[in-house]
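Colleague: Please take one part of this model and look at it closely. I would like the strand pairing, strand by strand, and then whatever surrounds it in your notes.

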Amino acid sequence: MDMLPSGTVTLLFTDIEGSTRLLRELGRERYIRALSEQRRLVREAFTRHGGVEVEMQGDSFHFAFAHANEAVAAAAEAQRALAAHEWGAEPIRIRIGIHTGEPVLHEGLYAGIDVHRAARIMGAGHGGQVLVSESTRGLLDSSIDLHDLGEHRLKDLAAPVRLYQLGNERFPPLKTISNTNLPRPASSFVGRERELQEVLARIEEGGRLITLTGPGGTGKTRLAIAAAATLVPEYKAGVFWV
């Protein structure tokens, strides 16, 4: 295995758009074959540009690059390869997020806020789309075609981030929490995942009014904000704080 770059590193995350739907429609055997082809095409493109595979989980990749230009070139090549491949009735499309920072390298994995930022950027995109952070953009050649998408708020990140799209293809609005007036939390949401999932489950079951009760200072408001922020991509008309 190649050594992972350290210092200033460009992190690249991918995942497949609508993977659960694809599995259901293709069936297990056809989906596994398609997933294998996707992995092959993506790996070939990324390694050709010096990318080092950090981790693969299910239908998602995490690669690291020593140079931002190579990361963006790899993303563009991977998207072209996937678009040109003969998939049959159901093409596989991936979304890609790229961010440059100085993550901590420990026991073969990266840690730190830059890892989370890169993953959140990827999660805001759509199949076929490549999103790039401002820190990555600042390192790229001026010849690379980037479209400024403005500032967006991403889940669990206190400050908005400026995002850029590689190329000018039209996509739906980003899956961010910009279509909302939710307060910006001063800290990350940590340690209440069970309660968060409970609230979300009640909403998904059709709950129209959910009341959080408890002594003052136990985090009711923070939990409500976290639940609302999680739901923003599901409600195209917006999620609002009253």
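Modeller: Two strands pair if DSSP finds at least two bridges between them. Keep in mind that this is a predicted model. Start with the pairing of β1 and β4. Eight bridges join these strands, and they run antiparallel. Two bridge partners help to set the register. Valine 9 stands opposite glycine 101 of β4. Phenylalanine 13 faces glycine 97, again in β4.

Now take β1 by itself. This strand covers residues 9-16. Buried here means under 20% relative accessible area. Eight of its eight residues meet that cut-off, so β1 is largely enclosed by the rest of the structure. Split the strand by side. Val9, Leu11, Phe13 and Asp15 are on one side, while Thr10, Leu12, Thr14 and Ile16 are on the other. Both faces are covered, and every one of these residues is buried.

One residue of β1 is worth a stop. Aspartate 15 sits in this strand. Its relative accessible area is 11%, so it counts as buried. Along the chain, aspartate 15 and histidine 126 are 111 residues apart. In space, their C-alpha atoms are separated by 9.7 Å.

β1 also pairs with β3, residues 60-65. That pairing is antiparallel and has five bridges. Within it, threonine 14 has phenylalanine 61 of β3 as its bridge partner.

Next, β4, which runs from residue 94 to residue 101. What does burial look like here? Eight of the eight residues are buried, so β4 too is largely enclosed by the rest of the structure. Ile94, Ile96, Ile98 and Thr100 point one way. Arg95, Gly97, His99 and Gly101 point the other way. Note that Arg95 and His99 are among the buried residues.

From β4, move to β7, residues 130-133. Three bridges join β4 to β7, and these strands run parallel. Isoleucine 98 has valine 132 of β7 as its bridge partner. In β7, Val130 and Val132 point one way, and Leu131 and Ser133 point the other way. These four are buried as well.

Valine 132 deserves its own look. This residue belongs to β7. Its relative accessibility is 0%, so it counts as buried. Valine 132 and alanine 68 lie 64 residues apart in sequence. Their C-alpha atoms are 10.0 Å apart in space.

β7 goes on to pair with β9, residues 161-166. Three bridges hold that pairing, and the strands run antiparallel. Serine 133 stands opposite leucine 163 of β9. Follow the pairings in order and you pass from β3 to β1, from β1 to β4, from β4 to β7, and from β7 to β9.

Now a helix, for contrast. α2 has 21 residues, 28-48. At 1.5 Å a residue it should span 30 Å, and its end C-alpha atoms are 30 Å apart, which agrees. Its buried residues are Tyr31, Ala34, Leu35, Gln38, Leu41, Val42, Ala45 and Phe46. Seen down the axis, they fall within an arc of 130°, so they line one face of the helix. The face turned away from that buried side carries Arg33 and Arg48, which are exposed.

Last, the open space. Rolling a probe the size of a water molecule over the atoms shows where empty space is left. The largest pocket holds about 510 Å³. It is lined by 17 residues, and those closest to its centre are Ile203, Ile210, Ala224, Ala228 and Leu231. The lining divides into 15 nonpolar residues, one polar and one charged. Helices α6 (193-204) and α7 (220-231) each supply at least two lining residues. α7 gives the largest share, five residues.

Definitions and conventions
Residues numbered from 1 in each chain as written. Predicted model: local features only at pLDDT ≥ 70, side-chain atom pairs only at ≥ 80, totals over all residues. Heavy atoms only, no water. 1 Å grid on protein atoms, 1.4 Å probe; cavity = no way out; pocket = protein on both sides within 12 Å on 5 of 7 lines; lining within 4 Å. Points joined across faces, edges and corners; volume = space filled by probe spheres on them. Nonpolar A, V, L, I, M, F, W, Y, C, P; charged D, E, K, R; others polar. Buried < 20%, exposed > 50% of the residue type's maximum accessible area, 1.4 Å probe, protein only. Expected span 1.5 Å × (residues − 1). Arc of directions from axis to C-beta.
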